[in-house]
Amino acid sequence: MTIHIGAAPGEIAETVLMPGDPYRARWAAENFLDDAKLVNEVRGMLGFTGTYKGNQVSIQGSGMGMPSLSIYANELIRDYGAKTLIRVGSIGAMQPQVKLRDVIIAMTCTTVATPSSTIFRELNYSPCADYGLLEAAVAATRKRDVGVHVGGIYSSDTFYAERPELNEELTRHGILGVEMEAAELYTLAARYGVRALGIMTVSDHLQTGEDLPSDQREKTFGDMIEIALDAAFA
């Protein structure tokens, strides 16, 4: 048990999927894991452990934004021995070729700042995905009828940003989409020598203004969960 995770020793698997929304964690556990058991509900941040094709898996909500994810990822790695952490969540598209419901697999994460930024001082550290997980995730997408894009994303530390010119520059430089967690996850994985990957479903588009209503997201997000699970145990 830690300050933010109430699971007992042995109740967290070495492989952890991390959606931001704790209710999405519950949905994923109920629909994709066998014998899923609630192992954490501290502060309402639900976590579950079960099996996928005989492999033990935990699905732990991370909350919204890098500071919240940093808390859970640190405790999962340091106190529970997590070795593979995969962010599964939503992302806003920034390129015209990226469509709603497509899957983006993040190779690298551009960011203004993360909770880890202060330790680097003047250095612009470039967090990136674990290549083995990245390769396995791309292979897993070939079994599914879903649009897939692999490349750089932007991890923002604000949701209501007021820098339209920044979005324009990110788009001009090929950034696929914007979310709020992956850069810190990749940084922590590098620090602790574990594997990390971000697999996100496009829920809205910054260029067109399109977005998915909440009642249409569940089925689409299923592809992302299955890709993550298959990649983890490839």
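This report describes the overall fold, two helices, two pockets and a few single residues of a predicted protein model.

Residues are numbered from 1 along each chain as its sequence is written, and side-chain values use heavy atoms, with hydrogens and water left out. Because the model is predicted, local features need pLDDT of at least 70 and side-chain atom pairs count only at pLDDT 80 or more, while totals for chains, interfaces and linings use all residues.

## Overall fold

The protein has 7 helices and 9 strands. Helices (H or I, at least four residues) and strands (E, at least two) are DSSP runs, numbered from the N terminus. Along its principal axes the C-alpha trace spans about 45 × 45 × 30 Å. The radius of gyration is taken over C-alpha atoms, and the globule rule is 2.2 Å times the number of residues to the power 0.38. For 234 residues, a compact globule would have a radius of gyration near 17 Å; the protein has 16 Å, which agrees.

Of the 234 residues, 54% count as buried. Buried means under 20% relative accessible area, exposed over 50%, and partly exposed in between (1.4 Å probe, protein chains only). A contact means heavy atoms within 4.5 Å. Among contacts with a separation of 6 or more, 78% are between residues 24 or more positions apart.

## Helix 2 and helix 6

Helix 2 covers residues 66–80. The expected span of a helix is 1.5 Å times one less than its number of residues. For the 15 residues of helix 2 this gives 21 Å, and the end C-alpha atoms are 20 Å apart, which agrees. Helix 2 is mostly covered, with 11 of its 15 residues buried. Among these are Met66, Leu69, Tyr72, Leu76, Ile77 and Tyr80. Their cover includes strand 1 (15–18), strand 4 (55–60), strand 5 (84–93), strand 6 (103–111), strand 7 (148–155) and helix 6 (182–192). Just after helix 2, Gly81 takes a positive phi of about 75 degrees.

Helix 6 is also mostly covered: 8 of its 11 residues are buried. The buried residues include Ala182, Leu185, Tyr186 and Leu188. Gly193 follows helix 6 and has a positive phi, near 75 degrees.

## Two pockets

On a 1 Å grid over the protein atoms alone, a cavity is a set of points where a 1.4 Å probe fits but cannot get out, and a pocket is an open set with protein on both sides within 12 Å along at least five of seven lines; lining residues have an atom within 4 Å of a point. Grid points are joined across faces, edges and corners, and a volume is the space filled by probe spheres set on the points.

The largest pocket has a volume of about 950 Å³. Of its 37 lining residues, Ser90, Phe159, Glu179, Met180 and Asp204 lie nearest its centre. Strand 5 supplies the largest share of this lining, 6 residues. Other elements that each supply at least two residues include helix 1 (22–32), helix 5 (164–172) and helix 7 (214–232).

The second largest pocket holds about 260 Å³ of space. Its lining has 15 residues, of which Thr111, Val112, Ser117, Asn124 and Tyr125 lie nearest the centre. Strand 6 gives the most to this lining, with 3 residues, and helix 3 (117–120) supplies at least two.

The table sorts both linings by class. Ala, Val, Leu, Ile, Met, Phe, Trp, Tyr, Cys and Pro count as nonpolar, Asp, Glu, Lys and Arg as charged, and the others, Gly among them, as polar.

| Pocket | Nonpolar | Polar | Charged |
|---|---|---|---|
| Largest pocket | 16 residues | 10 residues | 11 residues |
| Second largest pocket | 7 residues | 7 residues | 1 residue |

## Single residues

Thr141 lies in helix 4 (residues 131–141). Thr141 counts as buried because its relative accessibility is 7%. Not counting residues up to four places away in sequence, Thr141 touches Ile105, Val148 and Ile227.

Thr158 lies in the loop between strand 7 and helix 5. With a relative accessible area of 39%, Thr158 is partly exposed. The C-alpha atoms of Thr158 and Ser90 are separated by 15 Å, and the two residues are 68 residues apart along the chain.

Most residues other than glycine have a negative phi. Arg43, in the loop between strand 2 (34–40) and strand 3 (47–52), has a positive phi near 55 degrees. Arg43 is exposed, at 72% relative accessible area. Arg101 also has a positive phi, about 80 degrees, although it is not a glycine. Arg101 sits in the loop between strand 5 and strand 6 and counts as partly exposed at 36% relative accessibility.
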